[in-house]
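Colleague: I would like to go through the labels used for this structure and see what each one rests on.

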Amino acid sequence: MRDRWQSSSVLLTVDLVILTLREDRLHVLLVERGHEPYQGAFALPGGFLRDRSEDILAAAARELSEEAGLDAGTLHLEQLGIYGDPGRDPRGRVVSVAHLAIAPRLPEPVAGTDAADARWTPVDQVLDTSVPLAFDHLRIVSDGVDRARAKLESTALATAFCGPTFTLSELQQVYEAVWDTRLDARNFYRKVQGVPGFVNPAGPVRKTEGGRPARLFHAGPTTVLYPPMVRPDRTEGGEDL
């Protein structure tokens with residue numbers, strides 16, 4: 001007789017790469033783990049599915065609310081990838097469905113029920129390992145940042161980092177923070193306004209810190225940018241978008 005098939009014991013979690021701009025720098029939300037494994041270490045917010053009937057996207061939305069006090073319906077949320085290398089979690093075979101969340105200038109976080117602390121951390125400090133992360137969360141953050149950088153070229157994702165209305169200077173700050181490079185303002189404005197439906201005028205002007213008026217815009221209906229906003233080649237010092 002053939003051996004009776006038995007299902008393997010695999011646990012499923014969701015992890016969240018939540019990105020925002022603070023002081024013109026790209027930040028990611030980290031939580032300090034309040035229990036083992038990796039107690040005291042920083043990690044991405046997330047957790048196990050509540051039960052076998054919970055939808056994965058619903059679990060991600062729930063963790064956004066519980067860990068960061070954020071409403072998934074008010075921000076950009078997309079599935080980033082699946083991470084299931086054996087040994088990635090000392091508790092057993094744990095597969096994570098990671099999600100990328102983006103929202104404009106989020107407030108100070110409050111730690112969830114199973115976290116000792118929560119804080120916004122500059123992305124560059126995570127990527128250069130100045131802030132070490134538990135599990136394989138460095139890889140997940142790196143993938144999330146790479147996804148955001150790539151999508152800024154071909155989609156209107158940059159507007160998800162902005163409020164309902166914004167200046168072109170504020171939109172440029174998004175590109176500079178996410179791409180980690182300086183851009184020529186005149187060239188940037190020309191490229192943005194050369195993509196039909198990327199941004200639309202939003203009425204009155206806003207005074208900048210220097211007292212000069214700046215036109216306000218809001219996100220337009222276009223989601224795919226053509227021509228794309230090409231990221232400059234930092235190794236060659238390129239400035240063309």
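Modeller: Start with a helix pair, bearing in mind that the model is predicted. Leu-168, Ser-169, Leu-171, Gln-172 and Tyr-175 in H4 are in contact with Ala-185, Phe-188, Tyr-189, Val-192 and Gln-193 in H5. By class, this contact holds seven nonpolar, three polar and no charged residues.

Colleague: Why are H4 and H5 called roughly perpendicular to each other?

Modeller: H4 and H5 pack at about 100°, and their axes lie 10 Å apart. Angles of 65 to 115 degrees count as roughly perpendicular, and therefore H4 and H5 get that label.

Colleague: Which helix or strand gives the most to the largest nonpolar core?

Modeller: H4 does, with seven residues. That core has 44 residues, and those touching the most other members are Leu-19, Leu-152, Phe-161, Leu-171, Tyr-175 and Phe-198.

Colleague: What does Leu-171 touch, leaving out residues up to four places away in sequence?

Modeller: Leu-171 touches Ala-158, Thr-159, Cys-162, Phe-166, Phe-188, Val-192, Phe-198 and Val-199. There is also a second, separate core of twelve residues, with Leu-29, Ala-60, Ala-68 and Leu-75 among them.

Colleague: Turning to strand E2, where Arg-33 is found, why does Arg-33 count as buried?

Modeller: Its relative accessibility is 13%. Buried means under 20%, so Arg-33 qualifies.

Colleague: What does the side chain of Arg-33 reach?

Modeller: The backbone oxygen of Pro-37, at 2.7 Å. The cut-off for a polar contact is 3.5 Å, and the distance from the Arg-33 side chain to that oxygen is 2.7 Å.

Technical notes
Residues are numbered from 1 along each chain as its sequence is written. This is a predicted model: local features need pLDDT of at least 70, side-chain atom pairs count only at pLDDT 80 or more; totals for chains, interfaces and linings use all residues. Side-chain values use heavy atoms; hydrogens and water are left out. A nonpolar core is a set of buried Ala, Val, Leu, Ile, Met, Phe, Trp, Tyr and Cys residues joined through side-chain atoms within 4.5 Å. Buried means under 20% relative accessible area, exposed over 50%, partly exposed in between (1.4 Å probe, protein chains only). Helices (H or I, at least four residues) and strands (E, at least two) are DSSP runs, numbered from the N terminus. Contact means heavy atoms within 4.5 Å. Axes are lines fitted to C-alpha atoms, for helices over the stretch in contact, and angles run from 0 to 180 degrees between N-to-C directions. Angles under 35 degrees count as roughly parallel, over 145 as roughly antiparallel, 65 to 115 as roughly perpendicular and the rest as oblique. Ala, Val, Leu, Ile, Met, Phe, Trp, Tyr, Cys and Pro count as nonpolar, Asp, Glu, Lys and Arg as charged, and the others, Gly among them, as polar. A polar contact is a pair of N or O atoms within 3.5 Å; within protein, one must be able to donate a hydrogen and the other to accept it, and residues adjacent in sequence count only if both atoms are side-chain atoms.
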